[in-house]
Amino acid sequence: MRVITTIQDMQTEILKLKSQSKSIGFVPTMGFLHEGHLTLLKRAREDNEIVVLSIFVNPLQFGPTEDFSTYPRDFERDQSLAECEGVDYLFYPSAKEMYPHSSSVSVIVQERTDVLCGKSRPGHFNGVATVLTKLFNIVLPTRAYFGKKDAQQVAVVEGLITDFNFPIELIPVDIVREEDGLAKSSRNVNLLPDERRQAVVLFKSLTTAKETIEGGERNPRAIKNVISNLIGSESNGEIDYVEIYSYPQLKALDYLEGTCILAIAVKFSKVRLIDNIILEVSHEFGGVK
Ligand code: AMP
């Protein structure tokens, strides 16, 4: 595995690989790798001749009061995990390398950002889309792998790839969870022990909501109440949002039908956690996948 820290070196390598018609699988991350990231890397390894992992905690996608400075980092550990997964290139640029001067152009996401994390984190998806545009141009991947844990991000990236004509196949990957159901996240280490115990309620509330839908409930408000009440009764976390939308359009629904996302965000003392489930809801009683 080669660690590359400059854009120029990365582009030189990529152009060599492209001239040999190699397929390139790309996994963009912010590091502090866990089983979720490793699953993306395994998929990329299976599908492509070359695997590129990027680790970059992108300042552009953090708001002024968010956790940029406390975001967990451990490059040495990430490097050995990446090596074990058979990564060929680890792209690890500094912020100065990625943003040497204030940008004269940035990417603005026009749709699907007025809800969920886009609403709670103004500017977040513009930061994500801007850095991904740069990374896609640097890495020129054949396929790019993204986790459904960040389901809104998957929807936004789908729009970015389509609208900007990137010749990239987007591969969404299922959420990887801890044994007790908590979605794996680099941020989980910043939960206090008691908060870590309480955090199981996120997935529990989503599975309870799914059961309610299987029982025939199709009213989004009633389902949102089930989720909010459970989170409120089993944790001290502050609910940021509990929402149900069509997916991937992220449009409000009066009645659950078709592909729907149940998405939640809960703030603990130092960490804001997100989770979701995506369901296929049919009109008939119990028709949920
Ligand atoms: P991050 O380092 O948090 O920016 O995540 C990098 C990529 O890993 C994103 O595409 C995430 O959606 C994905 N990812 C993070 N956590 C998980 C998880 N628990 N399961 C699947 N994918 C994940």
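**Exercise 1. The area between the domains**

Task: Find how much area is buried between domain 1 and domain 2, and what share carbon and sulfur atoms give.

Solution: Note at the outset that this is a predicted model.
- Step 1. Set the bounds. Domain 1 covers 2-173 and domain 2 covers 186-280.
- Step 2. Count the residues in the contact. Domain 1 puts in 23 residues, and domain 2 puts in 18 residues.
- Step 3. Recall the usual yardstick. Interface size is often given as the accessible area lost when the parts come together.
- Step 4. Read off the result. About 1,700 Å² is buried between domain 1 and domain 2. Carbon and sulfur atoms give 57% of this area.
- Step 5. Add the spacing. The C-alpha centres of the two domains are 26 Å apart.

**Exercise 2. The shell around the ligand**

Task: State which residues come nearest to the ligand, and which helix or strand gives the largest share of the shell.

Solution:
- Step 1. Start with the residues. The ligand has 17 residues around it, and M30, H37, D150, V176 and K184 come nearest.
- Step 2. Sort the shell by class. There are 7 nonpolar, 6 polar and 4 charged residues.
- Step 3. Look for the elements. At least two shell residues come from each of β2 (24-29), α2 (35-47) and β5 (143-147).
- Step 4. Pick the main supplier. Helix α2 gives the largest share, with 3 residues.

**Exercise 3. Polar pairs at the ligand**

Task: Work out which atoms of H37, V176 and K184 pair with the ligand.

Solution: Use a cut-off of 3.5 Å between N or O atoms.
- Step 1. Take H37. One of its polar side-chain atoms is 2.9 Å from an oxygen atom of the ligand.
- Step 2. Take V176. Here a backbone N or O atom is 2.8 Å from a ligand nitrogen atom.
- Step 3. Take K184. A polar backbone atom of K184 also lies 2.8 Å from a nitrogen atom of the ligand.
- Step 4. Check the cover. On its own the ligand has 480 Å² of accessible area, and the protein covers 92% of that.

**Exercise 4. The contacts of R143**

Task: Trace what the side chain of R143 reaches.

Solution:
- Step 1. Place the residue. R143 sits in strand β5.
- Step 2. Follow the side chain to the backbone. It reaches the backbone oxygen of D47 at 3.0 Å.
- Step 3. Follow the side chain to another side chain. R143 has a polar contact with the side chain of E169, at 3.3 Å.
- Step 4. Widen the view. Leaving out residues up to four places away in sequence, R143 touches nine listed partners, among them S23, F26, N48 and I171.

**Exercise 5. Unusual backbone angles**

Task: Locate the cis peptide bond and give the phi values of R112 and L250.

Solution:
- Step 1. Recall the rule. Most residues other than glycine have a negative phi, and most peptide bonds are trans.
- Step 2. Find the cis bond. It joins Y247 and P248, with omega about 10°.
- Step 3. Place P248. This proline is in the loop between β7 (238-246) and β8 (258-267).
- Step 4. Turn to L250. This residue lies in the loop between β7 and β8. Its phi is positive, near 60°.
- Step 5. Finish with R112. Its phi is positive, about 70°. R112 lies in the loop between α4 (95-98) and α5 (116-120).

How values were computed. Residues numbered from 1 in each chain as written. Predicted model: local features only at pLDDT ≥ 70, side-chain atom pairs only at ≥ 80, totals over all residues. Heavy atoms only, no water. Near = heavy atom within 4 Å. Polar contact = N/O pair within 3.5 Å; in protein donor to acceptor, adjacent residues only side chain to side chain. Areas by Shrake-Rupley, 256 points an atom, 1.4 Å probe, with all protein chains shown as cover. Helix = DSSP H or I, 4+ residues; strand = E, 2+ residues; numbered from the N terminus. Nonpolar A, V, L, I, M, F, W, Y, C, P; charged D, E, K, R; others polar. Domains from an automatic or database assignment. Contact = heavy atoms within 4.5 Å. Buried area = accessible area lost by both parts, 1.4 Å probe.
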